[in-house]
Amino acid sequence: MSAKKILLIVGACFAGLVLLFLGSVVLAKLLFSDKEKGFVSGPGVGLVEVKGMIVDSTEPIRQLRHFAKKDSVKAVVLRIDSPGGVVGPSQEIYEEVRKLAARKKVVVSMGSLAASGGYYIAAPASVIYANPGTITASIGVLIKFSNLEGLFGKLGVSSTTIKTGSFKDAGAPDRPLSPEDRAMFQALIDSTHEQFVKAVAEGRKLPVDEVRRIADGRVLSGEQARALKLVDKLGNLPDAVEEAGRLAGISGEPALILPPKKKVNYLELLAEGAEEKFNGVLNKAVGRGLQVTYE
């Protein structure tokens, strides 16, 4: 069989697979779209989950804003299981929770861990639930630097820095922090720490000085946090959902409404994998003597 015929056969098979894939996507949407709409059609409580390190606020904000616009969602439960993360994204989620709590009841349910930035985003909620053993609080800010100057010296590695200002390479691993560097970074974290303290005080409606006294980075159990008014009640996720329904005036057990999944562009996914799949199929069909590339 000639290489041309093989190419035509493989091309036809690949086109058939593409059509089968697209047909499956359309069929799945037809079968499940009504079911999904029915699931979120009645009044209920929305659920937003924040898990792991907070490094990007995009998805939590998308979900919070979605529920803010849905009349069928009478309240929102924010489930947090996070050790914290980057200051900026934590502040962005905090602000979105604060705005939503002004329109609808927001109940936080803390899992095993809701510390630092994980507590930051919980602070403006209407009610905060934690388990007795939840690790939370850790109200503080830090910056870490590594000084590898000694190691570089042993390896015979040296570097030269050309800079426009004395602070431009502050924190570089090839030199120690100068007193001026240290003072600059201390001022930076003091500023962000004060923002954290004020955000907690505002969200929890506590005096700033009261929050500042415990904002030394200490971690607390859920039980300890409740005694210090950082947490309102002890309970699990179902307790938080029930509370949200009660606060929203929903009679009986509230329906739990999940946020819509992020839309996937199937054509983009298909295009990304098409070259690799086509090359693999073709090379298997015609042997090692023919390599297909795109230039």
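This report describes the fold, cores, helix packing, salt bridges and backbone features of a predicted model.

## Overall architecture

The secondary structure of the protein consists of ten helices and eight strands. Of its 295 residues, 35% count as buried. Among contacts between residues at least 6 apart in sequence, 72% join residues at least 24 apart.

## Nonpolar cores

The largest nonpolar core holds 42 residues, and within this core Met 110 and Leu 230 touch the most other members. Helix α6, residues 179–204, supplies the largest share of this core, with five residues. Apart from this core lies another, of eleven residues, which includes Leu 47, Ala 75, Val 77 and Val 107.

The surroundings of Met 110 can be listed in detail. Leaving aside residues up to four places away in sequence, Met 110 touches Arg 79, Ile 80, Tyr 119, Ala 122, Ile 128, Tyr 129, Ala 130, Asn 131, Thr 134, Thr 136 and Val 231.

## Packing of helices α2 and α3

Two packed helices are described by the angle between their axes and the distance between the axes. For helix α2 (residues 58–69) and helix α3 (residues 87–101), the axes come within 10 Å and cross at roughly 10 degrees. Because angles under 35 degrees count as roughly parallel, α2 is roughly parallel to α3. On the α2 side, the contact is made by Pro 60, Ile 61, Leu 64, Arg 65 and Ala 68, and on the α3 side by Glu 92, Ile 93, Glu 96, Val 97, Lys 99 and Leu 100. By character, the residues of this contact divide into seven nonpolar, no polar and four charged.

A salt bridge also links these two helices: Glu 96 pairs with Arg 65, the closest N and O atoms being 2.9 Å apart. Glu 96 belongs to α3 and Arg 65 to α2, so the pair ties together parts that are 31 residues apart in sequence. The two partners differ in burial: Glu 96 is buried, with a relative accessible area of 9%, whereas Arg 65 is partly exposed, at 43%.

## Helix α9 and its surroundings

Helix α9 spans residues 237–247, and Ala 240, Val 241, Glu 243, Ala 244 and Gly 245 in this helix are buried. Strands are among the elements that cover these buried residues, including β1 (44–51), β2 (73–82), β3 (105–115), β4 (127–130), β7 (233–234) and β8 (255–257). The helix is followed by Gly 249, whose phi is positive, near 80 degrees.

Within α9, Arg 246 forms a salt bridge with Glu 243, and the closest N and O atoms are 2.2 Å apart. An α-helix has 3.6 residues a turn, so residues three or four places apart point the same way. Arg 246 and Glu 243 are three residues apart in α9, and are therefore separated by about one helical turn. Arg 246 is partly exposed, with a relative accessible area of 49%, while Glu 243 counts as buried at 5% relative accessibility.

## Further salt bridges

Salt bridges that share partners join Lys 163, Asp 169, Arg 175 and Asp 181 into one network. In the pair of Asp 169 and Arg 175, the side chains meet at 3.0 Å, N to O. Asp 169 is buried, with a relative accessible area of 12%, and Arg 175 counts as partly exposed at 21% relative accessibility. For the protein, the count comes to 15 salt bridges.

## Positive phi outside glycine

Most residues other than glycine have a negative phi, and most peptide bonds are trans. Ala 137 has a positive phi, near 70 degrees. Ala 137 is placed in strand β5, residues 135–137, and counts as buried at 2% relative accessibility.

Lys 205, likewise not a glycine, has a positive phi of about 55 degrees. Lys 205 is found in the loop between α6 and α7 (208–214). At 73% relative accessibility, Lys 205 counts as exposed.

Definitions and conventions: Residues numbered from 1 in each chain as written. Heavy atoms only, no water. Core = buried A, V, L, I, M, F, W, Y, C linked by side-chain atoms within 4.5 Å. Buried < 20%, exposed > 50% of the residue type's maximum accessible area, 1.4 Å probe, protein only. Helix = DSSP H or I, 4+ residues; strand = E, 2+ residues; numbered from the N terminus. Contact = heavy atoms within 4.5 Å. Axes fitted to C-alpha atoms, helices over the stretch in contact; angles between N-to-C directions. Parallel < 35°, antiparallel > 145°, perpendicular 65-115°, else oblique. Nonpolar A, V, L, I, M, F, W, Y, C, P; charged D, E, K, R; others polar. Salt bridge = Lys/Arg side-chain N within 4 Å of Asp/Glu carboxyl O.
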